[in-house]
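Reader: Hey, got a minute to go through a model with me? I'd like to start at the ligand and work outwards.

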Amino acid sequence: MTGTATSELPDLPREGPADDVPVLECKGLDVGYGKLTVARDITFALQPRKVLTILGPNGAGKTTLLMTLAGFLAPRGGTITLNGEQVKGSSPRRVNQAGLVLVPDFRALFTELTPIQNLKLAAPRGTDLEPVLTLFPALQRREKLRVADLSGGEQQMLAIARALVQSPKLLLIDEMSMGLAPVAVEALMPVIRRVADEHGASVIMVEQHVQLALEVADEAMVLVHGSVVLSGSAETYRDDTSAVESAYMSGSVSSG
Ligand SMILES: Nc1ncnc2c1ncn2[C@@H]1O[C@H](COP(=O)(O)OP(=O)(O)O)[C@@H](O)[C@H]1O
Ligand SMILES: [Mg+2]
């Protein structure tokens, strides 16, 4: 019916075995450095096209968890299963080949190169950059500048774009809002939703902006002093963040 004006995108196909297998499953996962365990007994599953936000105060173990999932640190206990296959040992290259891409909190861009050069270095040969660039109109206008001359928000867009040109099945983003103005964070959040809905990637986003993160996430988890103290549907906490706030505080009370 041409008379029905709608700007809504058609529903993406939801059938097929791929949508039943979690992209990532952690069971009783302990993470840390050498003999030091910094977070323990982490259990969750993430389905395709879903966004999980991991919240929690500084030092909770959020970055350590992401570094372990990305294969830079060996798990100290428990299991990690990617696309139905249990990950053995630790190998950033192997988990990357399985479709996991990490955007670290230090961004790690080539600041003397242009945005396009940064993207081309990360993309497999022959990749069409256009579908990713359309997510970031601001970045397109900066195409010819050195990355060093971009704003913090634009650099973060580029860090995410560089991950996306690798067509991830699972994108891990560590504190993308670090050092950014709130307005820049607000501009980035809807892009995360589109990464899941339109690019078909699952996302784990470590965030300090609790409210903004809950608005785009499907699931939320609060990590305090190395323990998961709260997890559930983001929608549950969206309109009333008091449960999340008290979860932050609960870390000072040891549950033994
Ligand atoms: N390379 C490291 N070696 C030993 N301990 C570390 C290292 N990096 C971080 N830690 C410790 O691990 C704990 C969790 O840190 P981190 O995962 O960075 O927390 P978050 O990202 O939640 O702020 C902290 O106590 C921190 O001091
Ligand atoms: Mg961190």
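Reader: Which element gives the most to the shell around ligand 1?

Author: That's α1, with three residues. Before we go on, this is a predicted model, where local features need pLDDT of at least 70, side-chain atom pairs count only at pLDDT 80 or more, and totals for chains, interfaces and linings use all residues. Residues are numbered from 1 along each chain as its sequence is written, and chains are lettered from A and ligands numbered from 1 in the order in which they are written.

Reader: Fine. Which elements each supply at least two residues of that shell?

Author: β2 (36-46) and α1 (62-69). The helices and strands here are DSSP runs, numbered from the N terminus: H or I with at least four residues for a helix, E with at least two for a strand.

Reader: And which residues are around ligand 1?

Author: Tyr33, Leu36 and Val38 are among them, and so are Gly56, Asn58, Gly59, Ala60 and Gly61. Lys62, Thr63 and Thr64 are also in the list. A residue gets in if its C-beta atom, placed from the backbone, lies within 6 Å of the molecule.

Reader: How does the shell divide into nonpolar, polar and charged?

Author: Four nonpolar, six polar and one charged. Ala, Val, Leu, Ile, Met, Phe, Trp, Tyr, Cys and Pro count as nonpolar, Asp, Glu, Lys and Arg as charged, and the others, Gly among them, as polar.

Reader: Switching to sheets. What's the strand order in the one with β2?

Author: It's an open sheet of four strands, β2-β1-β4-β5, with antiparallel pairing. Strands pair if DSSP finds at least two bridges between them. At the edges sit β2 and β5 (85-86), each pairing on one side only.

Reader: How many bridges join β1 to β4?

Author: Five, with strand β1 (residues 24-33) running antiparallel to β4. Glu25 stands opposite Thr81 in β4.

Reader: And what about β4 with β5?

Author: Strand β4 (residues 77-82) and β5 are antiparallel over two bridges. Leu82 faces Glu85 in β5, and Thr81 is opposite Gln86. The two strands form a hairpin with two residues between them, and Asn83 in the turn has a positive phi of about 50°.

Reader: OK, the other sheet. Is its pairing mixed or antiparallel?

Author: Mixed: six strands form an open sheet in the order β6-β7-β8-β3-β9-β10. The edge strands are β6 (100-103) and β10, each paired on one side only. Neighbouring strands are turned by 15° against each other on average, direction ignored. Angles run from 0 to 180 degrees between N-to-C directions, and axes are lines fitted to C-alpha atoms, for helices over the stretch in contact.

Reader: What packs on that sheet?

Author: α1 does, touching β3 (51-55), β6, β7 (170-174), β8 (202-206) and β9, and its direction makes about 150° with that of β7. Helix α10 (residues 242-250) packs on the sheet too, touching β3, β9 and β10, at about 25° to the direction of β9. Contact means C-beta atoms, placed from the backbone, within 7 Å.

Reader: How many bridges for β9 and β10?

Author: Six, between strand β9 (residues 219-224) and strand β10 (residues 227-233), in the antiparallel sense. Glu219 is opposite Ser233 in β10, while Met221 has Ser231 as its bridge partner. Their hairpin has two residues between the strands, and His225 takes a positive phi near 45°.

Reader: Last topic, helix packing. At what angle do α3 and α6 pack?

Author: About 30°, with the axes of helix α3 (residues 115-122) and helix α6 (residues 152-164) 8 Å apart. That makes α3 roughly parallel to α6, because angles under 35 degrees count that way. Pro115, Asn118, Leu119 and Ala122 in α3 meet Leu158, Ala161 and Arg162 in α6. That contact divides into five nonpolar, one polar and one charged.

Reader: And α6 with α7?

Author: α6 and helix α7 (residues 182-197) pack at about 15°, with their axes 10 Å apart. So α6 is roughly parallel to α7. Among the contact residues are Met157 and Ile160 of α6 and Leu188 and Val191 of α7. The whole contact has eight nonpolar, three polar and no charged residues.

How values were computed
Parallel < 35°, antiparallel > 145°, perpendicular 65-115°, else oblique. Contact = placed C-beta atoms within 7 Å.
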